[in-house]
Amino acid sequence: MFDRVAARYDLVNDLLSLGQDRSWRRRVVEAVAPEPGHLVLDLAAGTGTSSEPFDRAGATVVPTDLSAGMLAVGKRRRPSLSFVAGDALQLPYADGSFDAVTISFGLRNVEDTAAALTEMRRVTRPGGTLVVCEFSTPTWGPFRALYADYLVAALPRIARTFATNPVAYEYLAESIQAWPDQAALAAALQAAGWQQVEWRNLSGGVVALHRGRA
Ligand SMILES: C[S@@+](CC[C@H](N)C(=O)[O-])C[C@H]1O[C@@H](n2cnc3c(N)ncnc32)[C@H](O)[C@@H]1O
């Protein structure tokens, strides 16, 4: 599916998030807080949109993704990044390879959330950091209702106009609504062995950043 959205992925992101995604990405870097010399795995990196802010912050980032189409667009658009093909469920890295692992708008797409969280812990060094950036549940009731309408009505319309594969964006709306809320995702991190789990809401809970320590 991602092979077929790759070409206009960044443009559609900006449109659908009403430009918010740039600030969300800055918050991810702040939550990871990479130190000089730290090695950061950006899993499900797609075209590298989520990896670029780490590169700019001076961290060594390893964008890794399963989709050949997303990787091809990423390599063309961001030739300075070292993209790696890899499956979140069977990462091509040794135990404890990374100081931090992050995954932005990717965990929802991986088939087995629990297995992916466990695999991410395997490749993180003891004491290292995990930051998951994912769509979540708005905390204020009236805004939650408005957002549900946006997901069902406006989002597919915007996608039909601009995206290369609009059907993929119908899946996006459905998968956001089916995704666990903040507390449930925190519990999934803990069940996978992550410690000191906490989260922070962005844009009223449209997105949540979950952080844990290995
Ligand atoms: C919505 S994109 C997110 C891309 C990027 N992280 C961003 O923030 O823009 C989701 C990505 O998850 C990747 N993905 C889905 N399942 C995967 C898996 N099992 N292993 C690695 N990547 C996966 C897809 O190929 C796609 O590029």
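## A tour from helix H5 across the sheet

Begin by selecting glutamate 119, which is found in helix H5, and keep in mind throughout that the model on screen is predicted. Is glutamate 119 buried or exposed? Its relative accessible area is 12%, and because buried means under 20%, glutamate 119 counts as buried. If you display its surroundings and leave aside neighbours within four places in sequence, the residues in contact with glutamate 119 are Ala88, Leu89, Gln90 and Leu91.

Next, widen the selection to the whole of helix H5, residues 113–123. The buried residues of H5 are Ala116, Leu117, Glu119, Met120 and Val123. Turn the view until you look down the axis of H5: these buried residues fall within an arc of 165°, so they line one face of the helix. An α-helix has 3.6 residues a turn, so residues three or four places apart point the same way. With the buried residues of H5 still selected, add S1, S4, S5 and helix H8 (182–191), which are the elements they pack against. Before leaving the helix, go to its start, where a side-chain oxygen of aspartate 112 comes to within 3.3 Å of the backbone nitrogen of alanine 114.

Now bring the strands under the helix into view. H5 lies across S1, S4 and S5, and runs at about 145° to S5. Colouring S4, H5 and S5 together will show a right-handed β-α-β unit.

Select strand S4, residues 98–104, which is mostly covered, seven of its seven residues being buried. On one side, S4 is joined to S1 by four bridges, and the two strands run parallel; to find a point on this pairing, pick valine 40, whose bridge partner in S4 is alanine 100. S4 also pairs with S5, again in the parallel sense, over six bridges, and here valine 101 has leucine 130 in S5 as its bridge partner.

Move on to strand S5, residues 124–135, of which nine of the twelve residues are buried, so the strand is largely enclosed by the rest of the structure. What is the sense of the pairing between S5 and strand S7? S5 and S7 (residues 207–213) pair in the antiparallel sense, over seven bridges, and a convenient place to inspect this is cysteine 133, which stands opposite leucine 209 in S7.

With these strands in view, show the whole sheet, an open one in which seven strands follow the order S3-S2-S1-S4-S5-S7-S6 with mixed pairing. The edge strands are S3 (84–85) and S6 (195–202), each of which pairs on one side only. At the S3 edge, strand S2 (residues 60–65) and S3 pair in the parallel sense over two bridges, and threonine 64 stands opposite valine 84 in S3.

Return to strand S7 and select arginine 211, which lies in it. Arginine 211 is partly exposed, with a relative accessible area of 25%. Leaving aside neighbours within four places in sequence, arginine 211 is in contact with Ala31, Thr129, Leu130, Val131, Leu189, Gln196, Val197 and Glu198. Which side chain makes a polar contact with the side chain of arginine 211? That of glutamate 198 does so, at 2.7 Å, while a polar atom of the arginine 211 side chain also lies 2.9 Å from the backbone oxygen of alanine 31. For a sense of scale, draw a distance between the C-alpha atoms of arginine 211 and aspartate 87, which are 124 residues apart along the chain and separated by 21 Å.

Finish at histidine 38, which is placed in the loop between helix H2 (21–32) and strand S1 (39–43). Its relative accessibility is 18%, and because the limit for buried is under 20%, histidine 38 counts as buried. Not counting residues up to four places away in sequence, histidine 38 touches Ala59, Thr60, Asp99 and Arg125.

Technical notes:
Residues numbered from 1 in each chain as written. Predicted model: local features only at pLDDT ≥ 70, side-chain atom pairs only at ≥ 80, totals over all residues. Heavy atoms only, no water. Buried < 20%, exposed > 50% of the residue type's maximum accessible area, 1.4 Å probe, protein only. Contact = heavy atoms within 4.5 Å. Pairing = 2+ DSSP bridges. Right-handed = clockwise from strand over helix to strand, strands pointing away. Arc of directions from axis to C-beta. Polar contact = N/O pair within 3.5 Å; in protein donor to acceptor, adjacent residues only side chain to side chain. Axes fitted to C-alpha atoms, helices over the stretch in contact; angles between N-to-C directions.
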